[in-house]
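Got the viewer open? Here is a short tour, one selection at a time, from the overall view down to single residues.

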Amino acid sequence: MGIERLAEGLAQRCSLPLSVARVLADRGVEAELAEGYLTPRLRDLLPDPLSLRDMEKAAGRLVAAATTGERVAIFADYDVDGGSSAALLLDWLHQQGRNATLYIPDRIDEGYGPNAPAMAELAGGHDLIICVDCGTLSHDALAAATGADIIVLDHHLGGETLPPALAVVNPNRADEDGALGHLCAAGVVFLTLVQAGRVLRRMERPEPDLMAMLDLVGLATVADVAPLIGVNRAFVRQGLAVMARRQRPGLVALSDVARLDGPPNAFHLGFLLGPRINAGGRVGRADLGALCLSSRDPAEAVRLAGELDGLNRERRAIEAAVRDEALAQVEARGDSTLSWAAGDGWHPGVVGIVAARIKEATDLPSVVIGIDGDIGKGSARSVPGVDLGRAIQRLAGEGLLIKGGGHEMAAGLTVAREHINAAMARLSELLARDIAGRSGLSDLRISGLLETPAATPELFHQLEAAGPFGQASPAPRFAFAQQLIDSASTMGDSHLRLSFRSPGAPALEAVAWGAMNTPLGPGLIGAKGRRFHLAGRLELSTWGNRTRVRLRLEDAAEA
């Protein structure tokens, strides 16, 4: 049975708009499951925290520390997931009347994850150290933390052995079944707090309001590109609702500095808030993002958000220079399996985002390495269906990397300069089979054909009912055929603004983010008066008191 017939059946049986029914049919959602899919409830989708190994020990130890006044330190990664995870724990402990020490390593001086000097220093002044979004592979560093108990709350791929810790809660441990492998670290922390709440209940002690913390979990889930399946859909859907209430000073300040003038959606989390939170870890103070997210003082939050916004502008300038050099290398190399580039002096704080840009431009797994002396530090980003983290972990096991690890869609690595070419050749070899089974860059999945008058706010809101949209649950993409281009101009340094219309219809605006760095922008900049087939996703644009729909343009072909 075709998608259109399935959609018509869903629309009739479930009293849905046909546009929403098409999205559900495309995702294989059957009629009896439609209501649960459209209204993902945490109480229906939340897994039992005790299904994860070491959870009982971790939650029990956290409660013991909070209720007896022990000294707690939180060691977190410097990205959005790490900062959100740290902020969750700081918030929870604060509601228990406790404070904790926050430690986030400097990306340049210390690198990713726990290191022995920092862990030894923390152990000297704390009874419990909680490593969030890191630690699963940090055997030597955790061994240096003598005298303190250690809990690891992580989601990165584990090795054959576990580090020396009291508890390692990680759905991607080698001895887990992977059923919850889609969780980001903040999701793991949230489950730990759910179990901690059960312990507090048995002790007849007050429980913190976990539902109010879902804004942080939803933010981390989107920003860490976790697949929006299962409980992750509920985390994001309900997290956005919490965020819309504007109760967390840090997120309010970040939303304001990013000029978010309407209710947040998943796109805002990933492309407006996420980059600003990450900016501190990339080119400034590594702890700024976590401090902003955990701030309870509105004035302090405004100050921190302003610093992060300034650092984000600085990051964009550095990124542009590295991106141009890296793309030139990739194009010259012409590898059809892996896009990679390496350069002396490339700032390690932008190699991850440049890898993401190259992945978008080539539709291939991408690695970008900044070299300092004899050592290169790199970040990798993958495409759906290609487990890059596992391949990089294998390279480390084979001795081609000094260290490396991550998860399916993103990973980090450290490599000797002399081994870079060999390591990338081996990585390309490891990924070749997965890449061979993927569709080409030009293949776009289209959800339907629209004329410009049909692109209304009403249609947008109907489609949003099938969200949230993101990794593994993309927003529906529509084609507009035979469109007359009224205008095309650059917006900022790298974006494209377009106005187009169906024959005899009002014009619709389109924006193509970063298009001037790809063939799409130059191909359309002189297109006024010509007809094109266009494809993209609908989004709401608010200017003043007027809200309208525009197209987030992804591809075009001359008609």
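## The whole chain

With 559 residues, a compact globule would be expected to have a radius of gyration near 24 Å, and the protein has 24 Å, which agrees. Keep in mind that you are looking at a predicted model. Turn on a cartoon and you'll find 20 helices and 16 strands. If you draw a box along the principal axes, the C-alpha atoms fill roughly 75 × 55 × 50 Å.

Now switch to a surface. The protein exposes about 23400 Å², with carbon and sulfur atoms supplying 50% of that area. Of the 559 residues, 54% count as buried. As for how the chain packs against itself, take the contacts between residues at least 6 apart in sequence: 64% of them join residues at least 24 apart. Colour by charge next: there are 56 positive and 68 negative charges, and their mean positions sit 5 Å apart.

## Stop 1: D309

Go back to the cartoon and select helix α15, residues 298–333, which is where D309 lies. Is D309 buried or exposed? Its relative accessible area is 10%, under the 20% cut-off, so D309 counts as buried. Show side chains here: D309 and R313 are joined by a polar contact of 2.7 Å between their side chains. Leaving out residues up to four places away in sequence, D309 also touches V257 and R276.

## Stop 2: two aspartates with positive phi

Select D54 in the loop between α4 (42–45) and α5 (55–68). Check its backbone: D54 is not a glycine, yet its phi is positive, at about 70°. D54 is partly exposed, with a relative accessible area of 21%.

Then jump to D133, in the loop between β3 (128–132) and α8 (139–143). What is phi of D133 near? Phi here is near 60°, again a positive value in a residue other than glycine. D133 has 0% relative accessibility, so it counts as buried. You may want to hide the surface to see this one.

## Stop 3: S379

Next, pick strand β8, residues 375–381, and zoom in on S379. At 11% relative accessibility, S379 counts as buried. Which residues does S379 touch, not counting those up to four places away in sequence? Select V351, G352 and A355, then S366, V367 and V368, and finally A411 and G412.

## Stop 4: A432

Move on to helix α18, residues 420–436, and click A432. With a relative accessible area of 33%, A432 is partly exposed. Try the distance tool from here to E418: the two residues are 14 apart along the chain, and their C-alpha atoms are separated by 23 Å.

## Stop 5: a cis peptide bond

For the last stop, select P468 in the loop between α19 (457–464) and β12 (478–491). What kind of peptide bond joins G467 and P468? It is a cis bond, with omega at about 5°. Show the backbone atoms of G467 and P468 as sticks to see the cis bond for yourself.

How values were computed
Residues numbered from 1 in each chain as written. Predicted model: local features only at pLDDT ≥ 70, side-chain atom pairs only at ≥ 80, totals over all residues. Heavy atoms only, no water. Helix = DSSP H or I, 4+ residues; strand = E, 2+ residues; numbered from the N terminus. Rg over C-alpha atoms; globule rule 2.2 N^0.38 Å. Buried < 20%, exposed > 50% of the residue type's maximum accessible area, 1.4 Å probe, protein only. Contact = heavy atoms within 4.5 Å. Areas by Shrake-Rupley, 256 points an atom, 1.4 Å probe, with all protein chains shown as cover. Lys, Arg positive; Asp, Glu negative; His and termini not counted. Charge placed at Lys NZ, Arg CZ, Asp CG, Glu CD. Polar contact = N/O pair within 3.5 Å; in protein donor to acceptor, adjacent residues only side chain to side chain.
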